[in-house]
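Open the model in your viewer and keep the selection tool at hand. We will go from stop to stop.

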Amino acid sequence: MKNYSVLHIWELCQIYGSLSKQEKRDFYQHKCYYYQFFVKMIIVLSCIVSTTYLIADYKLNGNTIMPTLFPRLFVLVPLFFYIILEAKARSYQIKVFLNYLMLNLIVFTMVWAVYHLEVKTHFSEAAAIMNFIFLICCLSSSPLSGILGYSIFFLEVFCSHQVNHYENMDVILALNIPCFVTIMLAHCLLDLGELDHYLTSKKLEQALITDPLTTTYNRHKLSRMIQDNKIINEQMPISLIMLDIDYFKKINDTLGHYVGDQALRYLGEFLMRELSEIGIVIRFGGEEFMIILFGYSSKKALEKAEYLRKRIQSADDSPVSFTISVGVAAYNGNFKESMNAADAALYHAKESGRNQVYLDCEFTY
């Protein structure tokens, strides 16, 4: 278990402040995805258990539950819609909104029931209990969402006081305001702790899909893209490029594997600099690389491949002089067929003398 210090918490605060809007959305989407089932179950159980307050109502109202029967059972109506809508929601913002909406509907039905009670002082205990559920909701939301949810809660308390005229309003505030402050502080600390875990998991995930030598992606990244349909769902032209270093075995045999590794590292870093904003660079195996270009027709991909070939051939900062052979193919909706076409084009480039670019097995340059 990690030991947190004040310095580490401060560093996490700085990291959180430096996150972009998209990075924060990704973080809270991850957080909500991880905790939402637990939060949902607590809300469902809270609604069901709240109906058992009919027993206390029976005692407080002189052995009758009729005045509070409908308000207590009414909470099951929004609960039914909550379960349906929450299951359909994909965005974490919608799920968090539904969570806090359901919490405040619980408060509303509780206030409604208290209106029909002869003794209203026990609302202070019921309101204090709600803080526990608010704390649970913090697990899947942001601190800002928690503040907004609490604001509506306090608004309901003040509005209901105009109708129910709580004799112990000072006690209600004395119980709930410290709880609000404490829970919000805990909310922020939980947020930072979860951010730490999130960043660690992202680093591990990145390490899993990154080739340590060339800094490009590896075949795990390719497998995930195919599994998640990240290629098939792209509504744009896509092209595949397969390339490898010419006579790489000769470089290893004559100059040593260290120089060969340096050449691979140089090529990988070069490809990432040139293509990371327009496509995915993957070390496919050994000295062979695959490039997936998004928004590129086969003609544009051919031009880009020729540009890369010329740049590598004339590079003066490479650890060793080398050239590349390149095969290009358009993505046709079937990734395996498109990859085989690009690989066949690469084979023809090598068979025709290397340092060449081919498109779908047809000689181009």
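Select Cys159 in helix H8, which spans residues 143-164. Is Cys159 buried, partly exposed or exposed? Cys159 counts as partly exposed because its relative accessibility is 44%, and the partly exposed class runs between 20% and 50%. This is a predicted model.

Now add Val111. Its C-alpha is 9.8 Å from that of Cys159, though 48 residues separate the two in sequence.

Next, pick Phe153. Leaving aside residues up to four places away in sequence, Phe153 touches Asn104, Val107, Ala127, Met130, Phe134 and Asn176.

Phe153 also leads into the largest nonpolar core, which has 45 residues. Which members touch the most other members? They are Ile43, Leu103, Phe123, Met130 and Phe153. Colour the elements that each give two or more residues to this core: helix H2 (21-50), H5, helix H6 (92-115), helix H7 (123-137), H8 and helix H9 (169-209). H6 supplies the largest share, eleven residues.

Move on to a second core, separate from that one. This core holds 31 residues, including Leu243, Leu267, Phe289 and Ala301.

Last stop: the surface. Select Val77, Phe80, Phe81, Ile84 and Leu85. Together they make a nonpolar surface patch of about 460 Å². Zoom in on Val77, which sits in helix H5 (residues 76-88). Why does Val77 count as partly exposed? Its relative accessibility is 41%, and partly exposed covers values between 20% and 50%.

Conventions
Residues are numbered from 1 along each chain as its sequence is written. This is a predicted model: local features need pLDDT of at least 70, side-chain atom pairs count only at pLDDT 80 or more; totals for chains, interfaces and linings use all residues. Side-chain values use heavy atoms; hydrogens and water are left out. Patches are made of residues with over 30% relative accessible area and no salt bridge: like charges are joined within 9 Å, nonpolar side chains (Val, Leu, Ile, Met, Phe, Trp, Tyr) within 5 Å. Accessible areas come from the Shrake-Rupley method with a 1.4 Å probe; for residues, only the protein chains shown count as cover. A salt bridge is a side-chain nitrogen of Lys or Arg within 4 Å of a carboxyl oxygen of Asp or Glu. Helices (H or I, at least four residues) and strands (E, at least two) are DSSP runs, numbered from the N terminus. Buried means under 20% relative accessible area, exposed over 50%, partly exposed in between (1.4 Å probe, protein chains only). A nonpolar core is a set of buried Ala, Val, Leu, Ile, Met, Phe, Trp, Tyr and Cys residues joined through side-chain atoms within 4.5 Å. Contact means heavy atoms within 4.5 Å.
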